[in-house]
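Subject: Structure handover

Dear colleague,

I am passing on the structure we spoke about, so that you can look through it yourself. Please open it alongside this message and read the notes below against it.

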Amino acid sequence: MTMYTKPLPDPTIETKPFWDYCKKHELRMQKCAQCGHIRFPPGIVCPKCHSMEAEWVKLSGKGKIFSFVIFHYVYNKAFKDDVPYASASIELDEGPRMMSNIIGCKLEDIKINMPVEVHFEDITGEFALPKFKPELKNRGKNLKPTAEV
Ligand SMILES: [Zn+2]
């Protein structure tokens, strides 16, 4: 593994389980034990019912692109070799949205509503980043949105 020189996650008490599961290549989020709401980012209290009881459930890792942007400008020198790259809001099948990068396809093939699945990148011995690729069945094909926007 080459030296990773980009900013690293900075886990808090609330987010450490998320990163620990990522290291195991599992996408897990808190599911409220009271109302079933799956919340992200992690927190102490359910934003829907204020319960403090939750369990870390394993998600499918599948979702669709809710929105995205292609970065051409280098806002942080650590990413100078990556431009242009795609940052996206991924709407997971279980409901929550999370920010990540879209990888594994040409930037011009990225579309709103494109089905994607998680792919973990081991960046250090301590961290793996959840990124998203087009769903396997769509990779390399003429990618089209699956629903009207
Ligand atoms: Zn709740």
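What follows is an account of the domains, the strand pairing and the nonpolar core.

Please keep in mind throughout that this is a predicted model.

To begin with the overall division, the domain assignment splits the protein chain into domain 1, covering residues 13-58, and domain 2, covering residues 61-138. The centres of domain 1 and domain 2, taken over C-alpha atoms, are separated by 21 Å. Where the two meet, nine residues of domain 1 are in contact with ten residues of domain 2. On the side of domain 1 that touches domain 2, the elements giving two or more residues are α1 (16-23) and β2, and of these it is α1 that gives the most, with three residues. By character, the residues on that side of domain 1 divide into six nonpolar, one polar and two charged.

Turning to the strands, you will find an open sheet of three, in the order β2-β1-β3, with antiparallel pairing. Its edge strands are β2 (38-39) and β3 (54-58), each of which pairs on one side only. The pairing of β1 (residues 28-32) with β2 is antiparallel and extends over two bridges, and within it K31 stands opposite I38 in β2. β2 therefore deserves a second look, as a strand that belongs to the edge of this sheet and also gives two or more residues to the side of domain 1 that touches domain 2.

Further along the chain, β7 and β8 (residues 128-134) run antiparallel and are joined by seven bridges. A hairpin of five residues leads from β7 to β8, and one of the facing positions has E121 opposite L129 in β8.

Finally, the largest nonpolar core has 14 residues, and those with the most contacts inside it are I65, A88, I90, I102, V116 and F132. The elements that give two or more residues to this core are β5 (85-92), β6 (97-102) and β7 (115-122), with β5 giving the most, at three residues. If you would like one residue from which to explore the core, I102 is a convenient choice: leaving aside residues up to four places away in sequence, I102 touches I65, F68, A86, A88, I110, V116 and F132. As general background, nonpolar side chains in soluble globular proteins tend to be buried together.

With best wishes

Methods:
Residues are numbered from 1 along each chain as its sequence is written. This is a predicted model: local features need pLDDT of at least 70, side-chain atom pairs count only at pLDDT 80 or more; totals for chains, interfaces and linings use all residues. A nonpolar core is a set of buried Ala, Val, Leu, Ile, Met, Phe, Trp, Tyr and Cys residues joined through C-beta atoms within 7 Å. A residue is buried if 20 or more other C-beta atoms lie within 10 Å of its own, exposed if 12 or fewer, and partly exposed in between; C-beta atoms are placed from the backbone. Helices (H or I, at least four residues) and strands (E, at least two) are DSSP runs, numbered from the N terminus. Two residues are in contact if their C-beta atoms, placed from the backbone, lie within 7 Å. Two strands pair if DSSP finds at least two bridges between them. Domain bounds come from an automatic or database domain assignment. Ala, Val, Leu, Ile, Met, Phe, Trp, Tyr, Cys and Pro count as nonpolar, Asp, Glu, Lys and Arg as charged, and the others, Gly among them, as polar.
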